[in-house]
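Hi everyone, thanks for making time for this one. I'd like to walk you through the charged side chains in this model, and then step back to the chain as a whole.

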Amino acid sequence: MSDEVRNVMVFVEVKARKDDSVDPADAVDSKKIRRLVRAAESYLKMQSHDFEYRFDIITVSGNPTDFVLDHIKDAFLPPLTTR
């Protein structure tokens, strides 16, 4: 996804849980972050344009008729190393 107003490439992790007592964002742990950053780096290297970028998390809690959606912009910074 890109934020064309600011020319920012946005990488988004989406997590959903039926049980709203558990925060779906908690499932984005350090291992998941390393994988997302590695994939983003690979993608950006293939692009001819030099994008600013950020990592967002979108969470959905509840069921199809009663749910809460949350968009966390700049949810995390990439670690210094992805290895």
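Let me begin with the term I'll lean on: a salt bridge here is a side-chain nitrogen of Lys or Arg within 4 Å of a carboxyl oxygen of Asp or Glu. Please keep in mind that this is a predicted model.

With that cut-off, how many salt bridges does the structure hold? There are 3.

Let's start with glutamate 13. Its side chain pairs with lysine 32, and the closest N and O atoms are 3.6 Å apart. Now look at where the two partners sit: glutamate 13 belongs to strand E2, residues 8-17, while lysine 32 belongs to helix H1, residues 30-45, so this pair ties together parts that are 19 residues apart in sequence.

Glutamate 13 has another partner as well. It forms a salt bridge with lysine 15, where the closest N and O atoms are 3.3 Å apart. Put these together and you have a network of salt bridges linking Glu13, Lys15 and Lys32.

So, are these residues buried or exposed? Glutamate 13 and lysine 15 are both buried. For glutamate 13, the relative accessibility is 11%, and buried means under 20%, which is why it gets that label. Lysine 32, on the other hand, is partly exposed, with a relative accessible area of 25%.

Now over to another spot in the chain. Which side chain does aspartate 56 meet in a salt bridge? The partner is arginine 54, and the N to O distance is 2.8 Å. Aspartate 56 is buried, at a relative accessible area of 1%. Arginine 54 is buried too, with a value of 7%.

Okay, let's zoom out to the fold. The chain has 1 helix and 4 strands. Reading from the N terminus, the order of elements is β-β-α-β-β. So when I spoke of strand E2 and helix H1, those were the elements holding glutamate 13 and lysine 32.

How much of the chain is buried? Of its 83 residues, 31% count as buried. The accessible surface comes to about 6,200 Å², and carbon and sulfur atoms account for 51% of that.

One last number for those of you who like contact maps. Take the contacts with a separation of 6 or more: 54% of them are between residues 24 or more positions apart.

That's my tour, and I'm happy to go back to any of these pairs on screen.

Notes:
Residues are numbered from 1 along each chain as its sequence is written. This is a predicted model: local features need pLDDT of at least 70, side-chain atom pairs count only at pLDDT 80 or more; totals for chains, interfaces and linings use all residues. Side-chain values use heavy atoms; hydrogens and water are left out. Helices (H or I, at least four residues) and strands (E, at least two) are DSSP runs, numbered from the N terminus. Buried means under 20% relative accessible area, exposed over 50%, partly exposed in between (1.4 Å probe, protein chains only). Contact means heavy atoms within 4.5 Å. Accessible areas come from the Shrake-Rupley method with a 1.4 Å probe; for residues, only the protein chains shown count as cover.
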